[in-house]
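Visitor: I'd like a quick tour of this fold, residue by residue where it helps. Can you take my questions as they come?

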Amino acid sequence: MEIIEMKEIAVYGAGGLGRETVCLLQKINSQQKNWDFIGFFDDGQPVGTLNEYGRVLGGICELNAWKKELNVIIAIGNPHSLMQVSRKITNPLIMFPNIIYGFSCADEDNFSIGKGNIIGGSTYFSCNVSIGDFNILNGSVQLGHDVTLGSYNVLMPGVRISGETTIGDGNLFGVNSIVLQQLKIGSGVRLGAGSVLMHKPKANSLYIGNPAKIFKY
């Protein structure tokens, strides 16, 4: 009998997205036993806090003091916090795998991806798609041909990105929002749920509506 060596993994973030990520790990393991989930890290919850999937093992300090190799996936739905946490983890024994489930790609030989990404079910990429690090694509996301996605972006369920679009870092796209083709998006853009972005947005701004317009508050 073949013995499969499972890799220990923890999730940073014990909230709803973190629990959803554990569900993805379980789905992956139902097809091939890859991951041995050991628990959560979260600076906002006391050590030992339990939910239905596991307990909180500590926060950044405990993670940076971890004495053996450990895979960690950061499950935080706020792009700024996602970036901050990833930069605070300095332990050289910590690795950041990509967690991908229910994903299809038009041309896997013409696709590139960095580290620490979460790609949820029913996600589809066309050809010549490139993704950076620590992005969260939270299910039923579609990226068109020749799309470049930077790092620390959060795409909520049902997001559609049209072809030849370039997206920078730290953006948040709401549920069922749409970005039309050939747009260049910088950093810190937030697109409201159901909104349709038709023109190049201003960095660090919120856009809402169809067509999406800048919203000041």
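What follows is a set of questions and answers on a predicted model.

Visitor: Let's start with rings. How many aromatic pairs are there by the ring-centre rule?

Guide: Two rings pair if their centres lie within 6.5 Å. Going by that rule, the count is seven aromatic pairs.

Visitor: What kind of pair do Phe41 and Trp66 make?

Guide: Their ring centres sit 5.5 Å apart, with the planes at 85 degrees. Planes over 60 degrees apart count as edge-to-face. So the pair of Phe41 and Trp66 is edge-to-face.

Visitor: And how many residues apart in sequence are the parts that this pair ties together?

Guide: Phe41 belongs to strand 2 (residues 35-41). Trp66 is in the loop between helix 2 (60-64) and strand 4 (70-74). The pair therefore ties together parts whose separation in sequence is 25 residues.

Visitor: Is Trp66 buried, exposed or partly exposed?

Guide: Its partner Phe41 is buried, at a relative accessible area of 0%. For Trp66 the relative accessible area is 24%. Buried needs under 20% and exposed over 50%, so Trp66 comes out as partly exposed.

Visitor: How about Phe111 and Phe125: is that pair stacked, edge-to-face or tilted?

Guide: The ring centres of Phe111 and Phe125 are 5.5 Å apart, and the planes are at 55 degrees. Stacked takes planes under 30 degrees apart and edge-to-face takes over 60, with the rest called tilted. So Phe111 and Phe125 are tilted.

Visitor: Which strands does that pair link?

Guide: Both Phe111 and Phe125 are buried. They are 14 residues apart, and the pair links distant parts of the chain: strand 8 (residues 111-113) and strand 10 (residues 123-125).

Visitor: Tyr152 caught my eye. Which residues form an aromatic cluster with Tyr152?

Guide: Tyr152 is found in the loop between strand 14 (148-149) and strand 15. Tyr152 counts as buried at 12% relative accessibility, and it has a positive phi of about 60 degrees although it is not a glycine. The other members of its aromatic cluster are Phe96 and Phe134.

Visitor: On to helix 3. Which of its residues are buried?

Guide: Helix 3 covers residues 79-88. What covers its buried residues includes strand 1 (7-12), helix 2 and strand 4. The buried ones are Pro79, Leu82, Met83, Val85 and Ser86.

Visitor: Which backbone nitrogen does Asn78 reach at the start of helix 3?

Guide: The atom doing the reaching is a side-chain oxygen of Asn78. That oxygen gets to within 2.9 Å of the backbone nitrogen of His80.

Visitor: What backbone oxygen does the side chain of Asn91 reach?

Guide: Asn91 is in the loop between helix 3 and strand 5 (94-95), and at 8% relative accessibility it counts as buried. Leaving out residues up to four places away in sequence, Asn91 touches Leu63, Asn64, Ala65 and Trp66. At 2.9 Å, its side chain reaches the backbone oxygen of Trp66.

Visitor: Back to backbone angles: is the peptide bond from Asn210 to Pro211 cis or trans?

Guide: Pro211 sits in the loop between strand 23 and strand 24 (213-215). The omega from Asn210 to Pro211 is near 0 degrees, and the bond is cis.

Visitor: Last one: which residues make the nonpolar surface patch of about 370 Å²?

Guide: One of them is in strand 23 (residues 206-208), namely Ile208. Ile208 counts as partly exposed, at 41% relative accessibility. The patch is made by Ile208, Phe215 and Tyr217.

Technical notes
Residues are numbered from 1 along each chain as its sequence is written. This is a predicted model: local features need pLDDT of at least 70, side-chain atom pairs count only at pLDDT 80 or more; totals for chains, interfaces and linings use all residues. Side-chain values use heavy atoms; hydrogens and water are left out. Rings of Phe, Tyr and Trp (its six-membered ring) pair if their centres lie within 6.5 Å; planes under 30 degrees apart count as stacked, over 60 as edge-to-face and the rest as tilted. Helices (H or I, at least four residues) and strands (E, at least two) are DSSP runs, numbered from the N terminus. Buried means under 20% relative accessible area, exposed over 50%, partly exposed in between (1.4 Å probe, protein chains only). Contact means heavy atoms within 4.5 Å. A polar contact is a pair of N or O atoms within 3.5 Å; within protein, one must be able to donate a hydrogen and the other to accept it, and residues adjacent in sequence count only if both atoms are side-chain atoms. Patches are made of residues with over 30% relative accessible area and no salt bridge: like charges are joined within 9 Å, nonpolar side chains (Val, Leu, Ile, Met, Phe, Trp, Tyr) within 5 Å. Accessible areas come from the Shrake-Rupley method with a 1.4 Å probe; for residues, only the protein chains shown count as cover. A salt bridge is a side-chain nitrogen of Lys or Arg within 4 Å of a carboxyl oxygen of Asp or Glu.
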